[in-house]
Amino acid sequence: VLGPDFEVNSYDKLRKNCNSFSDCALHLLCGRRLPPHLRRAERLGRVLDEQVSPLQSLLGDEFARNQQADGFDVEAVIA
C-alpha cells in the first residue's frame with residue numbers, strides 16, 4: 001500500500017526518511033501518528049530545503065538533496 005510513496009532510492013535525510021515511513025505505516029496499521037517530537041525532522045527538512053545548497057557547500061554530499069523525494073508530503077500520504 002505504501003510502496004508507491006516509498007520507492008527505492010527516494011530516501012532523503014531531511015525530507016523523506018525512516019520517520020516519514022514509520023509515521024505513515026503506523027497511521028495505516030493503527031490509526032495513530034508518531035509523537036510530534038519524532039516528526040520534527042521532516043518539518044525542519046521542509047524549512048531547510050531552501051538552504052540545502054549553502055549547507056551542502058559546507059558539508060559536501062552529506063546533505064545532498066534527493067530529487068526523487070521532491071513533492072513528498074506525509075500528510076498527503078495518510079489523508
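These points cover the aromatic cluster, the nonpolar core and helix α2 of a predicted model.

1. Aromatic pairs. The model holds two aromatic pairs. In one of them, the ring centres of F6 and F21 lie 5.1 Å apart with the planes at 90°, so the pair is edge-to-face. This pair joins distant parts of the chain, since F6 belongs to the segment before α1 and F21 to helix α1, 15 residues apart. F21 has a relative accessible area of 39% and is therefore partly exposed, as the range for that class runs from 20% to 50%.

2. The other pair. F6 also pairs with F72, again edge-to-face, with 5.3 Å from centre to centre and 65° between the planes. Here the link spans 66 residues, from F6 in the segment before α1 to F72 in the loop between α3 (52-59) and α4 (74-78). F72 has 16% relative accessibility; buried means under 20%, so F72 counts as buried.

3. Cluster and charge. Through these ring pairs, F6, F21 and F72 form a cluster. F6 has a further partner: the charged end of K16 sits over the ring of F6, at 5.4 Å from its centre.

4. Nonpolar core. Seven residues make up the largest nonpolar core: L2, F6, C24, A25, F72, V74 and I78. Helices α1 and α4 are the elements that each give two or more residues to this core. Leaving aside residues up to four places away in sequence, L2 touches F21, C24, A25, L28 and V77.

5. S20. Which residues does S20 touch, not counting residues up to four places away in sequence? The contacts are F6, R15, E42, F72 and V74. S20 is located in helix α1. Its relative accessible area is 1%, so S20 is buried. Among its contacts, F6, F72 and V74 are also members of the largest nonpolar core.

6. Helix α2. This helix covers residues 36-48, 13 residues in total, and reaches 18 Å from its first C-alpha to its last, close to the 18 Å expected at 1.5 Å a residue. R39, E42 and G45 are the buried residues listed for α2. An α-helix has 3.6 residues a turn, so residues three or four places apart point the same way. The buried residues of α2 pack against α1 (18-30). E42 is also one of the residues touched by S20, and S20 lies in helix α1.

Terms used: Residues numbered from 1 in each chain as written. Predicted model: local features only at pLDDT ≥ 70, side-chain atom pairs only at ≥ 80, totals over all residues. Heavy atoms only, no water. Helix = DSSP H or I, 4+ residues; strand = E, 2+ residues; numbered from the N terminus. Expected span 1.5 Å × (residues − 1). Buried < 20%, exposed > 50% of the residue type's maximum accessible area, 1.4 Å probe, protein only. Contact = heavy atoms within 4.5 Å. Phe/Tyr/Trp six-rings, centres within 6.5 Å; stacked < 30°, edge-to-face > 60°. Lys NZ or Arg CZ within 6 Å of the ring centre and 35° of its normal. Core = buried A, V, L, I, M, F, W, Y, C linked by side-chain atoms within 4.5 Å.
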